[in-house]
Amino acid sequence: MKHKRSQRPATGKPAMPGGLEAVFGVHAVRALIERGETPRELWVQEGGAGARLSELVEAARRGGARIQSRPRDELDRLAQGAAHQGLVAFATPLAFEAENALWFRLEAWPHATPPLLLVLDGITDVHNFGACLRSADAAGVHGVIVPKDKAAPLNATVRKVACGAAESVPVYQVTNLSRALARLKSLGVWVTGTAGEAESLLFEVDLTGPTALVMGAEGKGMRRLTREACDQLVKLPMAGSVSSLNVSVATGISLFEAVRQRHPASPGAVSHKP
């Protein structure tokens, strides 16, 4: 008697539309649609997810997206551990902004507020990169600068972690970071690097003018040429037993110190406790 072979569960990554990138999660998909970049295809988890996400699904459908209902395990395998929240969109991959676009923008700066830029040197972890972009968006950063080498890609995980910030904050890729910092200085931007051995505290320096905050990789920090290209080095006060913070946490603290200085509380303002 012949026995039927038991079917093994699929373990490979599901086939996805060619030339497109998967974007996971509600915030990232909403950011796409709000920017007018309707995904070509949208996979929605079978079951109650369709009703829960009906607003986003209908917005995508109106934009011309092809809607497909897929089982959860298929979305899980596609997301490879990321929390997809029952939604996966397929869109054109994100691309870095060209270096020349940064110089054109700064040379003809259109805003009354001085530029606030974030420079990431050697940040290769996609989760840290996405978290840094999220903080940059929240702080109103005008642009993020990364080197062509030793930098994380703008992939689906970055977009997921950034919760839409990867689509809203310009990320400029430069060929030579130390040379780019020198050009920033020639355009009147003050370059402030963060380093544990710095003598000045972050809260002691003026961040109200044109500013570029440079964050280095965890462990190694900024590369030597990057450090030498900075106008000044600062550090965060560390009162506990740990010697440093996660780079995305340090980035958020540093950026919001700049925000605090640029938007000081008006006299008589009342502080409300949560």
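Which charged end sits over the ring of tryptophan 43? In this model, which is a predicted one, the answer is arginine 70, whose charged end lies over that ring at 3.9 Å from the ring centre. I would like to start from that tryptophan and work outwards, taking the aromatic residues, then the sheet, then one helix, and finally the charged pairs.

Tryptophan 43 also takes part in an aromatic pair, and the count for the structure comes to one such pair. Its partner is phenylalanine 90; the ring centres are 4.8 Å apart and the planes stand at 65 degrees, and because an angle over 60 degrees is the cut-off for edge-to-face, that is how the pair is classed. Tryptophan 43 belongs to strand β2, residues 41–45, while phenylalanine 90 belongs to strand β4, residues 87–91, so the pair ties together parts of the chain that are 47 residues apart in sequence. Are these two residues buried or exposed? Tryptophan 43 counts as buried, at 1% relative accessibility, and phenylalanine 90 counts as buried too, at 0%.

Turning to the sheet, we have an open arrangement of seven strands in the order β7-β6-β5-β10-β8-β11-β9, and the pairing is parallel. The edges are formed by β7 and by β9, residues 200–201, each of which pairs on one side only. At the β9 edge, the partner is strand β11, residues 232–235, and the two pair in the parallel sense over two bridges; here serine 200 stands opposite valine 234 of β11.

Part of that sheet meets helix α5, which covers residues 99–107 and in which Leu102, Trp103 and Leu106 are buried. Viewed down the axis of α5, the buried residues fall within an arc of 95 degrees, so they line one face of the helix. What do these buried residues pack against? They pack against strands β5 (116–121), β6 and β7 (171–174), and also against helix α9, residues 177–186.

That brings me to the charged side chains. As a general point, side chains of opposite charge can pair when their charged atoms come close. The structure holds 12 salt bridges, and I will go through some of them.

Aspartate 149 and arginine 223 form one, with their closest N and O atoms 3.3 Å apart. This pair links distant parts of the chain, 74 residues apart: aspartate 149 is in the loop between β6 (143–147) and α7 (156–162), and arginine 223 is in the loop between β10 (211–216) and α10 (224–228). Both partners count as partly exposed, aspartate 149 at 38% relative accessibility and arginine 223 at 28%.

Two other pairs lie within helices. In α10, arginine 224 and glutamate 228 are four residues apart, about one turn of the helix, and their side chains meet at 3.2 Å, N to O; both residues are exposed. In α11, residues 247–262, arginine 260 and glutamate 257 are three residues apart, again about one turn, and their salt bridge is 2.8 Å, N to O. Why does glutamate 257 count as buried? Its relative accessibility is 5%, and the cut-off for buried is under 20%, so it falls in that class, whereas arginine 260, at 48%, counts as partly exposed.

Finally, there is a network of salt bridges to look for in the structure, and it links Glu21, Arg159 and Glu167.

Note on methods:
Residues numbered from 1 in each chain as written. Predicted model: local features only at pLDDT ≥ 70, side-chain atom pairs only at ≥ 80, totals over all residues. Heavy atoms only, no water. Salt bridge = Lys/Arg side-chain N within 4 Å of Asp/Glu carboxyl O. Buried < 20%, exposed > 50% of the residue type's maximum accessible area, 1.4 Å probe, protein only. Arc of directions from axis to C-beta. Contact = heavy atoms within 4.5 Å. Phe/Tyr/Trp six-rings, centres within 6.5 Å; stacked < 30°, edge-to-face > 60°. Lys NZ or Arg CZ within 6 Å of the ring centre and 35° of its normal. Pairing = 2+ DSSP bridges.
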